[in-house]
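Trainee: Mind if I throw some questions at you while we both look at this one?
Mentor: Sure, put it up on the screen and fire away.

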Amino acid sequence: MQLNGARILLTGASGGLGGVLARELAQAGAALLLTGRDPVALARIDLPAGSDYRLLQADLTDAAGIDSAVAAARAFGTNILINNAGVASFGLLAEQDWNDIERILATNLGAPIRLTRALLPWLTQQPTAAVVNIGSAFGSIPFAGFTAYSAAKAGLRGFSQALRRELADSTVRVIHVAPRAIDTPINPPAVRALNRALGSATDTPEKVARHILGMLANDVAEGHIGFPERFFAWLNGCAPGLVDQGLRGKLARIKQHAAKA
Ligand SMILES: NC(=O)c1ccc[n+]([C@@H]2O[C@H](COP(=O)([O-])OP(=O)(O)OC[C@H]3O[C@@H](n4cnc5c(N)ncnc54)[C@H](OP(=O)(O)O)[C@@H]3O)[C@@H](O)[C@H]2O)c1
């Protein structure tokens with residue numbers, strides 16, 4: 001897929017991965033419609049001089065936010081939608097607030113489905129188009145302490161695969177990428193401490209952004225970033241009991257860190 005000249009709606013552009021992704025896409029010659037909720041963070045996105053971009057403040061968990069993003073995306077001539085906005089929460093299910101769980105499901109799963117659905121009649125008219133969904137390793141290796149987030153990201157993976165199959169006779173490609181931990185503000189101190197305790201690798205947003213650009217440029221539909229996460233995603237698909245056993249050994253440490261979240 002050609003990035004030079006592409007016109008991209010990027011959600012979550014005000015965040016840690018989104019800001020870097022915006023910069024890399026602009027460097028590749030794409031024009032950008034950048035959305036987020038925080039206007040100050042949006043205005044701070046560091047783009048190369050001369051970049052072609054617009055900023056749009058929109059909360060994608062409400063209908064008005066979706067409507068304004070869709071209207072702006074049509075006016076912008078968007079041919080690539082990147083569903084990157086997301087929220088996470090670390091804690092044991094019984095101790096999580098229901099409002100928090102609803103927010104996780106609405107932001108990570110409801111919003112991308114709703115935005116994609118509303119923009120599809122436009123995207124299918126474009127000579128080449130793509131929907132890129134930013135999932136998570138936890139969507140393939142559901143993790144204790146992240147039940148709602150894992151459910152939302154597993155749902156996003158299922159949505160991406162079903163939509164790809166539904167659009168197989170169209171000009172719209174559907175890409176799903178599952179990063180492992182990234183060094184961004186979505187991870188509070190308790191999650192960073194857990195990752196250190198478990199020896200879980202953390203990638204830079206630059207590495208993840210370049211991986212996503214590579215997938216787009218080379219028409220790669222599915223990707224996990226990092227090993228051993230790629231291996232465990234495969235293992236969880238064919239022998240989830242083995243992953244249950246492996247995670248059982250980490251449960252005490254997960255609970256210990258969740259208590260501090
Ligand atoms: N960091 C990781 O460890 C990691 C690992 C795997 C996958 N991911 C995924 O990568 C994506 C980017 O996350 P990140 O690490 O960059 O997190 P981040 O720095 O916290 O950024 C999250 C972005 O989502 C936006 N957002 C949140 N709720 C929103 C809503 N209701 N409406 C519109 N925008 C909303 C935020 O906008 P405002 O700040 O303007 O509100 C922000 O731009 C997410 O989908 C995340 O699940 C992250």
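Trainee: Where does Pro-127 sit, and is Pro-127 buried or exposed?
Mentor: Keep in mind that this is a predicted model. Pro-127 belongs to the loop between α4 and β5. Its relative accessibility is 70% and the cut-off for the top class is over 50%, so Pro-127 counts as exposed.

Trainee: How far apart are the C-alpha atoms of Pro-127 and Val-40?
Mentor: Along the chain, Pro-127 and Val-40 are 87 residues apart. In space, the separation of their C-alpha atoms comes to 35 Å.

Trainee: On to the sheet. Which strands stand at its edges?
Mentor: Seven strands make up an open sheet with parallel pairing, in the order β3-β2-β1-β4-β5-β6-β7. An edge strand has a single partner, so one side of it is left without a neighbour in the sheet. That description fits β3 and β7 (222-224).

Trainee: What does the twist average from one strand to the next?
Mentor: Take the open sheet of seven strands, β3-β2-β1-β4-β5-β6-β7. Going from one strand to the next, the twist averages 15°.

Trainee: Which residue is the bridge partner of Leu-10 in β4?
Mentor: Start with the strands: β1 and β4 (residues 80-83) are paired in the parallel sense, over three bridges. Leu-10 has its bridge partner in β4, and that partner is Ile-82.

Trainee: And which residue in β6 does Ile-134 stand opposite?
Mentor: Here β5 and β6 run parallel and are joined by six bridges. β6 is also mostly covered, with six of its seven residues buried. The β6 residue opposite Ile-134 is Val-177.

Trainee: Which strands does α4 touch when it packs on the sheet?
Mentor: Compare directions before you list contacts: α4 makes about 180° with β4. The cut-off for roughly antiparallel is over 145 degrees. As for the strands touched by α4, they are β1, β4, β5 (129-134) and β6.

Trainee: How is α4 oriented relative to α5: roughly parallel or roughly antiparallel?
Mentor: The axes of α4 and α5 (residues 147-166) come within 7 Å of each other and cross at roughly 15°. The contact includes Ile-101, Leu-105 and Leu-109 on the α4 side, and Tyr-149, Leu-156 and Phe-159 are among the α5 residues. The crossing is right-handed. Angles under 35 degrees fall in the first of your two classes, so α4 and α5 are roughly parallel.

Trainee: At what angle do α3 and α4 pack?
Mentor: Their axes are 10 Å apart, and α3 passes α4 in a right-handed crossing. Among the residues in contact are Ile-66 and Val-70 of α3, along with Leu-115 and Trp-122 of α4. The packing angle between α3 (residues 63-76) and α4 is about 35°.

Trainee: Now the charged side chains. How many salt bridges does a search of the whole structure find?
Mentor: The general idea is that side chains of opposite charge can pair when their charged atoms come close. The cut-off here is a nitrogen-to-oxygen distance within 4 Å. With that, the search of the whole structure finds 11 salt bridges.

Trainee: How many residues apart in sequence are the parts tied together by Asp-52 and Arg-7?
Mentor: The closest N and O atoms of this salt bridge are 3.6 Å apart. Asp-52 is in the loop between α2 (39-43) and β3 (53-57), whereas Arg-7 is in β1 (residues 7-10). Asp-52 is partly exposed at 34% relative accessibility, and Arg-7 is partly exposed at 23%. The pair therefore ties together parts whose separation in sequence is 45 residues.

Trainee: By about how much of the helix are Asp-100 and Arg-103 separated?
Mentor: They form a salt bridge with closest N and O atoms 2.9 Å apart. Asp-100 is partly exposed at 22%, as is Arg-103 at 35%. Both are in α4 (residues 98-123), three residues apart, and the separation is about one helical turn.

Trainee: Which residues are linked with Arg-180 in a network of salt bridges?
Mentor: Arg-180 meets Glu-229 in a salt bridge of 3.2 Å, N to O. Arg-180 is in the loop between β6 (172-178) and α6 (189-198) and Glu-229 is in α8 (residues 229-238), so the pair ties together parts 49 residues apart in sequence. Arg-180 counts as buried at 13% relative accessibility, and Glu-229 as buried at 14%. In the network, Arg-180 is linked with Asp-203, Lys-207 and Glu-229.

Technical notes. Residues numbered from 1 in each chain as written. Predicted model: local features only at pLDDT ≥ 70, side-chain atom pairs only at ≥ 80, totals over all residues. Heavy atoms only, no water. Helix = DSSP H or I, 4+ residues; strand = E, 2+ residues; numbered from the N terminus. Buried < 20%, exposed > 50% of the residue type's maximum accessible area, 1.4 Å probe, protein only. Pairing = 2+ DSSP bridges. Axes fitted to C-alpha atoms, helices over the stretch in contact; angles between N-to-C directions. Contact = heavy atoms within 4.5 Å. Parallel < 35°, antiparallel > 145°, perpendicular 65-115°, else oblique. Left-handed = near helix turned anticlockwise from the far one by under 90°.
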